[in-house]
Protein chains: 2
Amino acid sequence: MNTVALSALAEPNRLLIVELLRDGPLTVGEVADRLGLRQPQASKHLKVLHEAGIVDMRPEANRRIYRLRPEPLKEIDDWLESFRGLWEARFDHLADYLRELQKGTLPFPFPSKEDES
Amino acid sequence: MNTVALSALAEPNRLLIVELLRDGPLTVGEVADRLGLRQPQASKHLKVLHEAGIVDMRPEANRRIYRLRPEPLKEIDDWLESFRGLWEARFDHLADYLRELQKGTLPFPFPSKEDES
DNA sequence: CATAAATATTCCTTGACAGGAATATTCATT
DNA sequence: AATGAATATTCCTGTCAAGGAATATTTATG
């Protein structure tokens, strides 16, 4: 998998920008206003998102309108698909599992997250 | 959304570690071997993944066995769900759309990605 | 043509992070 | 107790990314 899109999304303000653009295209100024960013930072973040292919841009007179592109997000989604089995494990045989657990015949009784240091 | 897991995954070696662990738990040494990393770097990356909640750890005598945790990945997956409409747009009304486009009544005939500088 | 609005870019500083090398820690084995 | 194996931690260094401030660029408008 490509880590370019992930790096771009790992910055909190950029993640918020992406969530904003989910509801439709916005100009730089609108993004800056709604997130309380200074204009140059909004421009810079949008530039990073653009270079990562996460947004489109189209000039409209004075302004620049940025719009979300689906492809990189879909790519991450596709990657996650190969992990979906992890949390979609079925509970059809939960009773059986617990029985085995009690007999102490199972290999991996991991501690819960909370038990760890 | 939380960016902790995203930051952890944005590092190429860590992303590879996660892909390795998809097929089952591994020790530090096994991770290092399979990715051609030095042991300390493997330990450090696993530490970051652990702090991000992406992996479990359980000591086994001399070794430490790391295992993937579903929760953070599922969290990202859930977040992406709100964007899925972007690439699952239906084409039922494509003909209508093209007709409107020809009449020049539509607001957003964006340039293609390739047209951009 | 001068000015203002919207946006991009540059420069600077600071903090985080990754890898390398060395060392510390923990546990099993003899 | 001494040694070795597996792992963690520390220290160092270089790189990179983010925000602030200032400035450049582009376009509309009077």
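Reader: Which N or O atom lies 2.8 Å from a phosphate oxygen of DNA strand C?

Author: One in the side chain of B:Asn13. A polar contact here is a pair of N or O atoms within 3.5 Å; within protein, one must be able to donate a hydrogen and the other to accept it, and residues adjacent in sequence count only if both atoms are side-chain atoms. Before going on, some ground rules: this is a predicted model, where local features need pLDDT of at least 70 and side-chain atom pairs count only at pLDDT 80 or more, while totals for chains, interfaces and linings use all residues. Residues are numbered from 1 along each chain as its sequence is written, chains are lettered from A and ligands numbered from 1 in the order in which they are written, and side-chain values use heavy atoms, with hydrogens and water left out.

Reader: What other phosphate contacts does DNA strand C have, say from B:His45 or A:Gly29?

Author: The side chain of B:His45 puts an N or O atom 2.7 Å from a phosphate oxygen of DNA strand C. With A:Gly29 the backbone does the job, its N or O atom lying 2.7 Å from a phosphate oxygen of that strand.

Reader: And which elements supply the surface near DNA strand C?

Author: Elements are DSSP runs numbered from the N terminus: helices are H or I with at least four residues, strands are E with at least two. Two or more residues each come from helix 3 (28-35), helix 4 and strand 3 of chain A, and from helix 2 (12-21) and helix 4 of chain B. Helix 4 of chain A has the largest share, 5 residues.

Reader: How many residues surround DNA strand C, and which are the closest?

Author: "Near" means that a heavy atom of the residue lies within 4 Å of the strand. By that rule 22 residues surround DNA strand C, the closest being A:Gln39, A:Ser43, A:Tyr66, B:Arg14 and B:Lys44. Of the strand's atoms within 4 Å of the protein, 61% belong to sugar or phosphate and the rest to bases.

Reader: How does that surface divide by class?

Author: Ala, Val, Leu, Ile, Met, Phe, Trp, Tyr, Cys and Pro count as nonpolar, Asp, Glu, Lys and Arg as charged, and the others, Gly among them, as polar. Near DNA strand C you get 5 nonpolar, 9 polar and 8 charged residues.

Reader: Over to the other strand. Which residues are closest to DNA strand D?

Author: A:Arg14, A:Lys44, B:Gln39, B:Ser43 and B:Tyr66, out of 22 residues that surround it. Sugar and phosphate make up 61% of the DNA strand D atoms that come within 4 Å of the protein. Helix 4 of chain B gives the most to this surface, with 5 residues.

Reader: Which atoms of DNA strand D do B:Ser43 and B:Asn62 approach?

Author: The B:Ser43 side chain has an N or O atom 2.3 Å from a phosphate oxygen. B:Asn62 goes for a base: a polar side-chain atom lies 3.4 Å from a base nitrogen of DNA strand D. For A:Arg38, a side-chain N or O atom is 3.1 Å from a phosphate oxygen of DNA strand D.

Reader: How are the protein copies related?

Author: In general, two copies of a chain are related by a rotation about an axis and a shift along it. Here a rotation of 180° with 0.0 Å of shift superposes chain A on chain B, RMSD 0.0 Å; the fit is by least squares on the C-alpha atoms of residues with pLDDT of at least 70 in both. The two copies are therefore related as by a two-fold rotation axis. The same surface serves both, as 100% of the contact residues of chain A recur in chain B.

Reader: How much area do chain A and chain B bury between them?

Author: Buried area is the accessible area (1.4 Å probe) that two parts lose on being put together, summed over both. Chain A and chain B bury about 3,900 Å², 69% of it on carbon and sulfur atoms. Taking contact as heavy atoms within 4.5 Å, 39 residues of chain A meet 39 of chain B.

Reader: How many salt bridges cross that interface?

Author: The rule wants a side-chain nitrogen of Lys or Arg within 4 Å of a carboxyl oxygen of Asp or Glu. It finds 2 across the interface. B:Arg84 and A:Asp77 form a salt bridge at 2.9 Å, N to O.
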